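Trainee: Before we rely on words such as buried or oblique, could you take me through how each one is earned in this structure?

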Amino acid sequence: MKVALFSTHRFDRQSFDPANGALPAPHDIHYVEARLDAHSAILAAGHPAVCAFVNDRLDAPALEVLAAQGTRLIALRSAGFNHVDLAAAARLGLVVARVPAYSPDAIAEHTVAMILALNRKIHKAYARGREGNFTLDGLLGFDLRGRTVGIVGTGKIGLNVARIMRGFDCTVIAHDPFPDAAALAAVGGTYVDWPALLERSDIISLHCPLTPDTHHLVDAAAIARMKHDVMLINTSRGGVVDSRALIDGLKSGRIGHVGLDVYEEEGDLFFTDLSDQAIQDDVFARLLTFPNVLVTGHQAFFTREALAGIADTTLANITAFEMTGAPLHPVSVEKLA
Ligand code: NAI
């Protein structure tokens, strides 16, 4: 099947080419570097399948162009699908597929890397060491053992983070409107309600999807309930956190550490080399100025195993759609509910 793969980076070719080449009937992949939106959608003309990533904009105008040009399948190479107007896709007869799980370990391990780096100031120590400065002032951390970690969203990733943090002898509490008590108990955690999670956690880690319900879940009111000096980690989706409220929380000292792998307006920032440009997003630029904020550019998924899993599942979705008219992992409009 002819596939237009948008937002192509070198690592996409390195994972998709071998996986596609190993198929009995490889697909005809057209790599497009541009991000997909209503303007670039024309590049998919003649391609029944479009493959999109997290910062492609699959809003109604883009989907209308794709449908008019004959595209029938949107194969997301991500788990999240908050960037797709599913109602518009359904109206236009476009089938949407995703990669529901590719390596929950990759994201969970990056989350824990952020916790450790922020706590023990590894990023600062590295920069100092490069200058021959081995002083310890400003590098003071805390023992993780005995601390309380609050997990928001106990799906595949959240449960993995819970399991790893129990290995540090942390107390793990969690909140999820769709709890799985047996799964959480199996990794040594317990459910609490949302206010209790905010009030009791020394570290809060976000692992829920971005939906209308979770948009700005962490806002000024939530931050006001958090412990003084709390650590907040977001590897889920940027829109779950109100960035302006986060800045206020950092300025007041309520929030002691922030680790962000995602950002509300990351589409114009991440996966791009902006090192010779002025960053135009003042909120993001302000976040970067705090010494206790660590930002990675949507990197949590970026392991060899995850990339291979994404390529395999995406291609399997496309093959299944070609053979049967239905992908292996469809996303339906009901998912929004
Ligand atoms: P999952 O679907 O297995 O689990 C999500 C959990 O969040 C579910 O248990 C759900 O009930 C829960 N949830 C829904 N609304 C909630 C709310 N209001 N409060 C608390 N929990 C809520 O998803 P998975 O695979 O664990 O991924 C979680 C999120 O991580 C994804 O939705 C995606 O946005 C993000 N992600 C980030 C990546 C990165 O590279 N930074 C890579 C992959 C996923």
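Trainee: Why is A186 called exposed?

Mentor: Keeping in mind that this is a predicted model, A186 has a relative accessibility of 69%, and exposed begins over 50%, so A186 counts as exposed. A186 is found in helix α7, residues 181-186, and its C-alpha atom is separated by 8.7 Å from that of R163, which is 23 residues apart from A186 along the chain.

Trainee: What makes T235 count as buried?

Mentor: The relative accessibility of T235 is 9%, and buried means under 20%, so T235 counts as buried. T235 sits in the loop between β10 (230-234) and α10 (243-252), and, leaving aside residues up to four places away in sequence, T235 touches I107, T111, M114, L206, H207, D261, V262 and A300.

Trainee: How do you know that T235 makes a polar contact with T111?

Mentor: The side chains of T235 and T111 come to 3.1 Å in that contact, and the cut-off for a pair of N or O atoms is within 3.5 Å.

Trainee: Why are D169 and D229 called partly exposed?

Mentor: Partly exposed covers what lies between the 20% and 50% limits; D169 has a relative accessible area of 38%, so it is partly exposed, and D229, with 43%, is therefore partly exposed as well. D169 lies in the loop between α6 (156-167) and β7 (171-175), whereas D229 lies in the loop between α9 (220-225) and β10.

Trainee: What makes the backbone of these two residues worth a remark?

Mentor: Most residues other than glycine have a negative phi. Phi of D169, however, is near 65 degrees, and D229, which is not a glycine either, has a positive phi of about 75 degrees.

Trainee: Why is α1 called oblique to α12?

Mentor: Helix α1 (residues 10-21) and helix α12 (residues 304-324) pack at an angle of about 55 degrees, with their axes 9 Å apart. That angle is neither under 35 degrees, nor over 145, nor from 65 to 115, which makes α1 oblique to α12. The crossing of α1 and α12 is right-handed.

Trainee: Which residues of α1 and α12 meet, and how do they divide into nonpolar, polar and charged?

Mentor: From α1 come F11, S15, F16, A19 and N20, and they meet L307, I310, A311, D312, T314 and L315 in α12. The residues of this contact divide into seven nonpolar, three polar and one charged.

Key:
Residues numbered from 1 in each chain as written. Predicted model: local features only at pLDDT ≥ 70, side-chain atom pairs only at ≥ 80, totals over all residues. Heavy atoms only, no water. Axes fitted to C-alpha atoms, helices over the stretch in contact; angles between N-to-C directions. Helix = DSSP H or I, 4+ residues; strand = E, 2+ residues; numbered from the N terminus. Left-handed = near helix turned anticlockwise from the far one by under 90°. Contact = heavy atoms within 4.5 Å. Nonpolar A, V, L, I, M, F, W, Y, C, P; charged D, E, K, R; others polar. Buried < 20%, exposed > 50% of the residue type's maximum accessible area, 1.4 Å probe, protein only. Polar contact = N/O pair within 3.5 Å; in protein donor to acceptor, adjacent residues only side chain to side chain.
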